[in-house]
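Reader: I should be grateful for a close look at a single part of this model. Please choose one helix and set it within the whole.

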Amino acid sequence: MKLPYFIATIGNELYSVMERSDKKPVEVLKEYIDRVAEAEIDCIDLSLLEKNKEGQKRIVLSRSDYRELADFVHKKEIEWTIAPRDIEVTDQLFDIIDFYTIETPDLEKIDLFKHIGSKGKPVRLSTEASSLSEIDQIVRVLKKAGCNEILLMHGARSCSANIKDVNLKVIATLKNLFPSVRVGYRDHIKGDNALPAMIVAYMLGAEVIEKKIKVENDELNENDEFVWNPNMFQRANQCFYSIGRMLGSSEK
């Protein structure tokens, strides 16, 4: 089996890093990404850049800033993605990011999804809060608009989830119902159960695994129960490499 593709999602930690620095935002981001790259991941989710978080000043980047950031990320042989908040941002990011993300598949935003699909780039779709009929509708909209590469991400509905909330068998359900798309797993499990959940998801057919990352220090507090630091990502990669060797060949 091919090793899973790992996505590290940047969280609210970035706001505090920005607040403490007097450098240009793009320079702070490059320094931060430098540390994220230590996790040996395949992709960085920087959707935080397009969010308006209450009580926080949105990080504003120009198109040239985005281009500079893209060049920096790609030199590290890492891909990156963002969830565009509107049609204008979708157009702005078209030739900069590697694929689009749809974080909340709200059917009221169907015009935005059509526009994203029309770009022909791969799309990663989070499905935690969606019914199967809603997922089916959005997949059809994206395909009809021109998107031929879709990734459905299964995960628990809430962050810092308990193991009983994960329902990993849904991964097999998604693969059976949507055979023409890829399926991944978005992990929000607390504590030591995260890695076992990833392994099970992988064995059920998840090709992509996503986890939120924190890089400021190696010590995680009680508010970071579902967040990993770079060392944890490295250990997970080593684990999946070992699993690949253990599985070996189907030939006797």
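Author: The account below concerns helix α3 and its surroundings, and then the fold to which the helix belongs.

The model is a predicted one. Helix α3 comprises 13 residues, from 63 to 75. The distance from its first C-alpha to its last is 18 Å, close to the 18 Å expected at 1.5 Å a residue.

Which residues of α3 are buried? They are D65, Y66, L69, A70, F72 and V73. These residues lie on the same side of α3, because they cover an arc of only 165° around the axis. S64 and K75, on the other side of the helix, are exposed. Here, buried denotes a relative accessible area under 20%, and exposed one over 50%.

The cover over the buried residues of α3 includes helix α2 (25-36), strand β3 (79-82) and helix α4 (87-93). Just after α3, E77 adopts a positive phi of about 60°.

Helix α2 deserves attention in its own right. Its 12 residues should span 16 Å at 1.5 Å a residue, and its end C-alpha atoms are indeed 16 Å apart. Buried in α2 are V26, V28, L29, K30, Y32, I33 and V36; a lysine, K30, is thus listed among them. The buried residues of α2 pack against α3, and also against α1 (13-19) and the strands β1 (5-10), β2 (43-45) and β8 (208-213).

The strands named so far belong to one sheet. Eight strands form a closed barrel in the order β1-β2-β3-β4-β5-β6-β7-β8, with parallel pairing. Direction ignored, neighbouring strands of this sheet are turned by 25° against each other on average. One pair within the barrel may serve as an illustration: β5 (residues 123-126) and β6 (residues 150-155) are joined in the parallel sense by four bridges, and R124 has L151 in β6 as its bridge partner. Helix α6 (residues 132-145) lies across β4 (99-102), β5 and β6, and runs at about 160° to β6.

It remains to place these elements in the whole protein, which has nine helices and eight strands. Its radius of gyration is 18 Å, close to the 18 Å that the globule rule gives for 252 residues, so the protein is as compact as a globular protein of that length. The C-alpha trace spans about 60 × 45 × 35 Å along its principal axes. Buried residues account for 48% of the 252 residues. Of the contacts between residues at least 6 apart in sequence, 68% join residues at least 24 apart.

Definitions and conventions
Residues are numbered from 1 along each chain as its sequence is written. This is a predicted model: local features need pLDDT of at least 70, side-chain atom pairs count only at pLDDT 80 or more; totals for chains, interfaces and linings use all residues. Side-chain values use heavy atoms; hydrogens and water are left out. Helices (H or I, at least four residues) and strands (E, at least two) are DSSP runs, numbered from the N terminus. The expected span of a helix is 1.5 Å times one less than its number of residues. Buried means under 20% relative accessible area, exposed over 50%, partly exposed in between (1.4 Å probe, protein chains only). The arc is that of the directions from the helix axis to the C-beta atoms. Contact means heavy atoms within 4.5 Å. Two strands pair if DSSP finds at least two bridges between them. Axes are lines fitted to C-alpha atoms, for helices over the stretch in contact, and angles run from 0 to 180 degrees between N-to-C directions. The radius of gyration is taken over C-alpha atoms; the globule rule is 2.2 Å times the number of residues to the power 0.38.
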